[in-house]
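Welcome to the tour! Open your viewer, get comfortable with rotating and selecting, and let us walk through this structure together.

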Amino acid sequence: MLIDKLKPIIARNDELSELLSKEEVISDVAKLAALSKEKSESDEIANKAREYLQTLSDIAENKGLLDDKELGELAKEELKNLESKQKDLEGEIKILLIPKDPNDKKNIFLEIRAGTGGDEAGIFVGDLFGAYCRYADSKKWKVEIISSSENAVGGYKEVIALVKGEGAYSRLKYEGGTHRVQRVPKTESQGRIHTSAITVAIMPEVDSLEVNINPNDLRIDVFRSGGHGGQSVNTTDSAVRITHIPTGITVSMQDEKSQHKNKDKALKILQARLYEAQMEEQDAKNRESRKNQVGSGDRSERIRTYNYPQNRLTDHRINLTLYSLEEIMLNGDLDKVIEPLIANAQSLALSGESE
């Protein structure tokens with residue numbers, strides 16, 4: 001029963017409140033931080049649980065008044081409201097009880113690359129990156145470009161950015177995959193519609209405790225940074241290429257003038273890519289049990305089509321079609337796509353629990 005799941009949550013939340021008032025906890029910085037975090041994470045579900053139990057108590061009380069001559073009608077009316085409230089609370093609580101993704105609160109590395117379609121694909125990399133930046137701004141997140149490679153017509157061959165903010169991964173994790181665009185390119189003189197594709201990867205920012213890299217597994221090469229057409233950006237060997245020998249994953253970084261800064265950035269991206277590879281390996285092992293996932297996040301999976309002539313955005317994973325593409329892209333109003341994806345993931349998780 002739902003009550004049996006909720007009582008231990010309330011008890012632990014109360015216990016945490018008591019522990020956080022004790023002198024021995026207050027004086028222990030590490031313990032205080034750990035318990036404060038646990039309480040903060042349990043507050044929402046604990047408060048909903050208390051409200052739910054109080055509602056059940058109020059329902060029982062009003063049922064006992066139904067035969068009362070003076071209060072019976074009033075109790076009957078109140079019961080309708082309380083039973084409706086009970087149903088709503090049960091739905092909210094079931095969603096809150098879904099196990100949390102441990103990466104949900106993390107910052108992310110957003111990596112967008114041009115695929116098929118030549119210059120037009122690169123232009124769309126810039127367009128989609130701009131939409132993500134506007135979306136991040138609406139969420140009060142910060143976007144820092146880590147590395148970028150521009151093409152000749154104002155787009156990007158590749159852009160990697162760090163998105164910092166509470167819940168960045170929880171909302172953008174569904175963006176990983178192949179994004180297809182259909183439109184008349186700026187570079188097209190005949191007015192023909194072209195189809196291009198770009199890939200998006202969403203990788204949680206991780207630290208050295210989560211991904212332990214053996215220095216002996218790394219090959220680090222340094223070289224001189226180069227601009228467009230081989231033009232020298234600077235006169236020192238500041239660019240860095242790090243290769244993780246066991247996996248063959250390679251990261252190059254040359255945006256900074258300092259070799260040390262380029263190395264630090266490259267290592268951070270390498271950690272994220274190794275972590276992503278570990279997650280994909282784990283996902284492959286547990287694919288049958290991961291019914292709550294919307295798509296695999298694999299870059300080869302076509303997840304979305306942006307059709308400009310029809311002003312249409314289609315997310316193929318949940319058969320969502322919106323005829324407000326220009327508004328979504330110009331305003332960064334990606335919640336119109338992300339909210340249905342989250343709702344679908346929650347629905348699948350709940351149906352999985354009931355099986």
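Start in the interior of this predicted model. The largest nonpolar core has 60 residues, and Leu110, Ile112 and Tyr306 are those with the most contacts inside it. Now colour helix H5 (residues 118-138): this helix gives the core its largest share, nine residues. Next, colour domain 2 (108-208 + 292-353) and domain 3 (215-280); both give residues to this core, so it lies between them.

Zoom in on leucine 110. Leaving out residues up to four places away in sequence, leucine 110 touches nine neighbours you can select by name: Phe129, Tyr132, Val159, Ile160, Ala161, Val163, Val200, Ala201 and Ile202. Elsewhere there is a second, separate core of 11 residues, with Leu2, Leu6, Leu89 and Leu96 among them.

Go back to strand S1 (residues 108-114) and select glutamate 111, which lies in this strand. Is glutamate 111 buried or exposed? Its relative accessibility is 2%, so glutamate 111 counts as buried, because buried means under 20%. Show the side chain of arginine 273 too: a polar contact of 2.5 Å joins it to the side chain of glutamate 111.

For the last stop, select strands S6, S7 and S8. These three strands form an open sheet in the order S6-S7-S8, with antiparallel pairing. Strand S6 (218-223) and strand S8 (249-253) are the edge strands, each pairing on one side only. On average, neighbouring strands of this sheet are turned by 15 degrees against each other, direction ignored. Look along S6 and strand S7 (residues 239-244), which pair over six bridges. To see one such pairing, pick aspartate 221 and its bridge partner in S7, arginine 241.

Notes:
Residues are numbered from 1 along each chain as its sequence is written. This is a predicted model: local features need pLDDT of at least 70, side-chain atom pairs count only at pLDDT 80 or more; totals for chains, interfaces and linings use all residues. Side-chain values use heavy atoms; hydrogens and water are left out. Helices (H or I, at least four residues) and strands (E, at least two) are DSSP runs, numbered from the N terminus. Buried means under 20% relative accessible area, exposed over 50%, partly exposed in between (1.4 Å probe, protein chains only). A polar contact is a pair of N or O atoms within 3.5 Å; within protein, one must be able to donate a hydrogen and the other to accept it, and residues adjacent in sequence count only if both atoms are side-chain atoms. Two strands pair if DSSP finds at least two bridges between them. Axes are lines fitted to C-alpha atoms, for helices over the stretch in contact, and angles run from 0 to 180 degrees between N-to-C directions. A nonpolar core is a set of buried Ala, Val, Leu, Ile, Met, Phe, Trp, Tyr and Cys residues joined through side-chain atoms within 4.5 Å. Domain bounds come from an automatic or database domain assignment. Contact means heavy atoms within 4.5 Å.
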